[in-house]
Amino acid sequence: MTNMLKELGEFEGLSQLVSVFADKMRARLWEKMQEGVKGWADRSNSEMFLEDMRERLSMAVTKYLDGDRQQIIDIANLAAIIWLHESANESAIPYRG
């Protein structure tokens, strides 16, 4: 029973971590939209967009490794957008642009 409670506590902590991190991701997406970055869900340019994203992801990882810790949120957002474009389960995605 003690082990189960410990695991539930760890799961709850991780769940809260995901919620807090998702809030940071949302704030960063909003900031980028205010800068004019839009069209992230436009599947008509999916191949071009994913190639551009690969370059930006590589740059974000490099910046993160160089000490720019803000980049980890950009990396997470890029991963979410790639998932959006590659998801086979259409009903799981609330917005398709």
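**Figure 1. Lys32 is partly exposed, at 27% relative accessibility.** This is a predicted model: local features need pLDDT of at least 70, side-chain atom pairs need 80 or more, and totals for chains, interfaces and linings use all residues. Residues are numbered from 1 along each chain as its sequence is written, and side-chain values use heavy atoms, without hydrogens or water. Lys32 belongs to helix α1, which spans residues 2-34. (Helices are DSSP runs of H or I with at least four residues, strands are runs of E with at least two, and both are numbered from the N terminus.) Lys32 counts as partly exposed because its 27% falls between the limits for buried, under 20%, and exposed, over 50% (relative accessible area, 1.4 Å probe, protein chains only). Its partner in this view is Asp74. The two residues are 42 places apart along the chain, and their C-alpha atoms are separated by 10.0 Å.

**Figure 2. Asp74 is buried and makes a polar contact with Arg28.** Asp74 sits in helix α3. Its relative accessible area is 15%, so Asp74 counts as buried. The side chains of Asp74 and Arg28 come within polar-contact range, at 2.6 Å. (A polar contact is a pair of N or O atoms within 3.5 Å; within protein, one must be able to donate a hydrogen and the other to accept it, and sequence-adjacent residues count only through side-chain atoms on both sides.) Lys32 can be kept in the frame as a reference: its C-alpha atom is 10.0 Å from that of Asp74.

**Figure 3. Gln71 is buried in helix α3.** Helix α3 covers residues 71-86, and Gln71 is part of it. Gln71 has a relative accessible area of 8%, so it counts as buried. Which residues does Gln71 contact, beyond its neighbours within four places in sequence? They are Ala60, Lys63 and Tyr64. (Contact means heavy atoms within 4.5 Å.)

**Figure 4. Arg69 places its charged end over the ring of Tyr64.** The distance from that charged end to the ring centre is 4.4 Å. (A charge sits over a ring if NZ of Lys or CZ of Arg is within 6 Å of the ring centre and within 35 degrees of the ring normal.) Tyr64 also appears in Figure 3, as a contact of Gln71.

**Figure 5. Val61 and Met59 are viewed against Ile75.** Val61 is in helix α2. So is Met59. Val61 has a relative accessible area of 34% and is partly exposed. Met59, at 44% relative accessibility, is also classed as partly exposed. From Val61 to Ile75, 14 residues apart along the chain, the C-alpha separation is 7.2 Å. From Met59 to Ile75, 16 residues apart, the C-alpha separation is 9.6 Å.

**Figure 6. Ile82 touches Leu50 and Met53.** Ile82 is a residue of helix α3. It counts as partly exposed, with 28% relative accessibility. The listed contacts leave out residues up to four places away in sequence. Ile82 and Leu50 are 32 residues apart along the chain, with 7.0 Å between their C-alpha atoms.

**Figure 7. The whole chain follows the pattern α-α-α.** It holds 3 helices and 0 strands. Of its 97 residues, 22% count as buried. Among contacts between residues at least 6 apart in sequence, 62% join residues at least 24 apart. The mean pLDDT is 80, and 84% of the residues score at least 70. (pLDDT is the predictor's confidence in each residue, from 0 to 100.) Among the elements, helix α2 (residues 46-65) has the lowest mean pLDDT, 81, and α1 the highest, 86. Where pLDDT is low, predicted coordinates should not be read in detail.
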